[in-house]
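Me: I'm new to this one, so please take a close look at the largest pocket for me. Plain words are fine.

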Amino acid sequence: MSASVSSSGSAAVSISGNRFVIVGGASLVGSATAAELLDHGASEVVLFDNFAFGSEAAIAHLKDHPRLKLVRGDVMRMADLLRVTEGAAGVLQLAAYMTLSMDRDPWGGLDVNIRGVQNALEACRANKVAKVVFASSNATYGYGPGVSGELVESTPFHSVGAPPAAILYGASKIIGEQLCRDAYRKWGQDYVVLRYSTVYGERQHYRAANALYIIETIDRVKRGEAPQVFGDGSETKHFVYVGDLARANRMAFESAATDVAVNTSGPAPVTTLQLVELVTELAGGGAKPEFVGSDGKVRLTSGGAFRIAHEAAKDAIGWAPEVDMREGLRRLIEWRDGNEGKGA
Ligand SMILES: NC(=O)c1ccc[n+]([C@@H]2O[C@H](COP(=O)([O-])OP(=O)(O)OC[C@H]3O[C@@H](n4cnc5c(N)ncnc54)[C@H](O)[C@@H]3O)[C@@H](O)[C@H]2O)c1
């Protein structure tokens, strides 16, 4: 099958009738994006994953889909990538270690987040894959006292005062983005970088430091315990609903945009206290939150109130977030309460 690029020669890749590979696909974002691409007529969606973190449970809802294929493989093995990307029109590169995993195993994380991205790009070159969408992160702005105000795509990286693993993660995503730019310059590889803010939604996991506020609060409420807020609760977080991100990934393939990096964040930021109160209410709990000090886990702090601006994504790929936190959390809790979520 040959990858179809639009006749205008732009970087647009239609979803319908094309084959897509999601590298690191047995994941929170991968499972939602696979469903989105299949719904829009992709001829085949391949989830490529070594199951370092992903699980069969994360993709159980898709496993009987006739156009979905699961391939076990490792981004550190070129042969695996070359085989799986053959005939693909688009590759979504998700495989990564996030901050908590980076904290446990920095070299494993740097290998996957840097060499793994380069390997995926090289495989796309060899197989003439028309477009790559690379999952970057708002971690490219860093953490700690320097991060406040409106975070736009040109906001610099702040590395002072944050845990090493968070800085290694953010820096590795900056390098991944630059490897995409390099591939564009060296061999004309079309790509779009999406800088996701913290993702939440159905098939939520425990691997993203900021999303722990959501999933741990649900767990505590369900056990009848008081929810916990770390610090005074005034700290800002900016999340994005996973279904909105799946749509952003699809639109990044479909749009004519290339050689660009844009933020994809939800409608508005929240404070940790607002978040914990909202999750508590939606999960059916009534207890007031307990304010606690450190629990020894890696927590990500910012210097002050901030908002991750997503207006550039509208210009580049026509995307804006649609699902606010009340609705997105309601869907997450409904999934968790259902049969599928109980095994997660
Ligand atoms: N979850 C978030 O809050 C968030 C925020 C910003 C950016 N991101 C980025 O979005 C992407 C997807 O996030 P997610 O939450 O769905 O992550 P996830 O942890 O659910 O998925 C990552 C997937 O990569 C796979 N993987 C790891 N090493 C691999 C290897 N060597 N070979 C093949 N597969 C491998 C894992 O098994 C896992 O399924 C990641 O790149 C992440 O850095 C996530």
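Reply: Start with what lines the largest pocket: 21 nonpolar residues, 14 polar ones and four charged ones. Here Ala, Val, Leu, Ile, Met, Phe, Trp, Tyr, Cys and Pro count as nonpolar, Asp, Glu, Lys and Arg as charged, and the others, Gly among them, as polar. Keep in mind that this is a predicted model, where local features need pLDDT of at least 70, side-chain atom pairs count only at pLDDT 80 or more, and totals for linings use all residues. Numbering runs from 1 along each chain as its sequence is written, and side-chain values use heavy atoms, without hydrogens or water.

The pocket itself (an open set of 1 Å grid points where a 1.4 Å probe fits, with protein on both sides within 12 Å along at least five of seven lines) has a volume of about 720 Å³, the space filled by probe spheres set on the points. Its lining (residues with an atom within 4 Å of a point) takes in 39 residues, and Leu94, Ala96, Tyr97, Met98 and Tyr169 sit closest to the centre of the pocket.

Which strand gives the lining its largest share? That's β5, with three residues. Strand β5 covers 131-137, and at least two lining residues each also come from α1 (28-39), β2 (44-49), α3 (99-104), α5 (164-187) and β8 (198-200). These are DSSP runs: helices (H or I) of at least four residues, strands (E) of at least two.

For some wider context, an unreviewed UniProt entry puts a "domain: NAD-dependent epimerase/dehydratase" at residues 21-257, though such annotations may be inferred rather than shown by experiment. In the model, that span is 40% helix and 19% strand, and its end C-alpha atoms lie 19 Å apart.
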